[in-house]
Amino acid sequence: MSETVRDKVIGIIAEQAVLEPGDVTMEASLQDLGIDSLGLVESIFAIEEAFDIQVPFNANAPEDSEFDISSVAAIVAAVEGLLAEQKGD
Amino acid sequence: MRRVVITGQGTINALGHDVPRTLEAMREGRCGIGELELRDVERLSVRIGGQVKGYDPDARFNRQQIALYDRFTQFTLVAAHEALDGAGLTFAGELATRSGVVLGTAGGGVNTWDENYRSVYEEGKNRVHPFVVPKLMNNAAASHVSMEWNLKGPSFSVATACASSNHAMGLAFQLIRGGVADVMVTGGSEAMLSFGGVKAWEGLRVMSKDACRPFSANRNGMVQGEGAAVFIFEEFEHARKRGAEILAEVVGFAMTSDAADIVMPSEQGAARTISGALKDARLNRDEVAYINAHGTGTAANDRVECAAVSDAFGHHANELMMSSTKSMHGHLIGGTGAVELLACIMALKDGVIAPTIGYEEPDPECALDVVPNVAREAKVDACLSNAFAFGGLNAVLALRRAP
């Protein structure tokens, strides 16, 4: 399951950053990948659609949101957490 | 040069169904934002707004009118009635041809779109009411005002998102100053608090779920409002000769485009517009005692706006007062600059500065006097009203106390 979540999240981020999935490293931040604030909001929307979950995120205070977006790895972990919480996976 | 004065004002918004009640709420720092009451609200994640409550269309309009008037048009007509009653003007003969109406709205008949999409997509109906198009069009409000009061001069609607009303009023000012018209009915209206209207804003992730707290360090987004405000702009000599009560003078206007980003505001663009309005008004920076801020309560706007004011005003930025009344009536999108002009007129005419309510924590990036939480008495000779729209379109008005 974890592998799939990681691949799906990387796929979404890669598409937003116009990169190959292989070029998206787990340590990278969205900023490193060239994703701006609009791209971030679009990525979160894509994640919600792909996993059918609600992501708690307010663009006014990204650092205060429960959803950690500091790196690709953090996003994957946050999505896994939300899946467990919202879908009982 | 022809001068332009304001001789009438009217409104309906979350703070009150007319000007006296709205100004009373602003003086008391009352909040008009509350739980949204609308169909399918349980499917929204943002459930607060500055909604006009206790409003009964049937008490204002007959059945035939309601069939043609979207909520944004109804709000406009309610506000226009109050403004024109106050101005004491009737339009016939040459004055009718020299008078027009320019109104701002971003969405126009959003409720009409929403209701009819529901009916064809959700309910599967294959027929809609014959008046859907004339009801939803953005210029419907301007046209109905024109018809109701026989205004036959330049008339149109302006849609520049959150700057629509300021652009509309700026153009009305220029039309009179430039000699094209003698009287203009102007302002703006918005009625976007429908399921689709709020859902669309939710998507952008910039909305607060609890309160609008402009300039406060813990601000977490904007809150939508609805309503209208309408003003009578009149050529000064025309108003003087008929002995009209003058509420304030419009002395300058500037509009610019950032040409940069579709949602992020630009400090440079905002500062350039503020400076442009001062120059157009021939105002010295130190004459401006009050600014009605755009002040949306988003992280980006409030930071950028404070920096722009500091940039445009230099040291004087620390002397002037700047408040955001959106904290009380919400963000009326295309109608917001109009409702906010009421606060500017109150500052000039009554010497009362409407507060920024919901202010809880100072933000070093918004270190101006934002008139936190409590209204203040002050003598104001000149003021500005800022609007900085999505799309990078900026519009700033400059006003002076009545001559």
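Here is a friendly chat about how a few labels in this predicted model are earned.

User: Why is Ala395(B) called buried?

Analyst: Count its neighbours and set the count against the cut-off. A residue is buried if 20 or more other C-beta atoms lie within 10 Å of its own. Ala395(B) has 30 other C-beta atoms within 10 Å, so it is buried.

User: Where does Ala395(B) lie, and which residues is it in contact with beyond its sequence neighbours?

Analyst: Ala395(B) lies in strand β14 of chain B. Leaving aside neighbours within four places in sequence, its contacts are Ala163(B), Asn166(B), His167(B), Gly170(B), Met255(B) and Ala387(B). To be in contact, two residues need C-beta atoms within 7 Å.

User: What makes strand β8 of chain B largely enclosed?

Analyst: The same kind of count works here, residue by residue, with 20 or more other C-beta atoms within 10 Å as the test for buried. In β8(B), which covers residues 248-257, nine of the ten residues are buried, so the strand is largely enclosed by the rest of the structure.

User: How do you know that β8(B) pairs with β14(B)?

Analyst: Pairing requires at least two bridges between the strands. Eight bridges join β8(B) to β14(B), residues 393-400, and the two run antiparallel. Those eight bridges meet the requirement, so they count as a pair. As one example of how they line up, Glu249(B) stands opposite Arg400(B) in β14(B).

User: What makes β1(B) a partner of β8(B)?

Analyst: Use that rule of at least two bridges again. Strand β1 (residues 4-13) of chain B is joined to β8(B) by three bridges, also running antiparallel. Three bridges satisfy the rule, so this is a pair too. Here Val4(B) stands opposite Val250(B) in β8(B).

User: How is chain B divided, and how many residues of its two domains are in contact?

Analyst: Chain B is divided into domain 1 (4-241) and domain 2 (253-400). In this contact, 63 residues of domain 1 of chain B meet 56 residues of domain 2 of chain B. On the domain 1 side, α9(B) gives the largest share, eight residues. By class, that side has 29 nonpolar, 28 polar and six charged residues.

User: And how many residues does each chain bring to the contact between chains A and B?

Analyst: Chain A brings nine residues and chain B brings eleven. The chain A side divides into six nonpolar, three polar and no charged residues.

Methods
Residues numbered from 1 in each chain as written. Chains lettered and ligands numbered in written order. Predicted model: local features only at pLDDT ≥ 70, side-chain atom pairs only at ≥ 80, totals over all residues. Nonpolar A, V, L, I, M, F, W, Y, C, P; charged D, E, K, R; others polar. Buried ≥ 20, exposed ≤ 12 C-beta atoms within 10 Å, placed from the backbone. Helix = DSSP H or I, 4+ residues; strand = E, 2+ residues; numbered from the N terminus. Domains from an automatic or database assignment.
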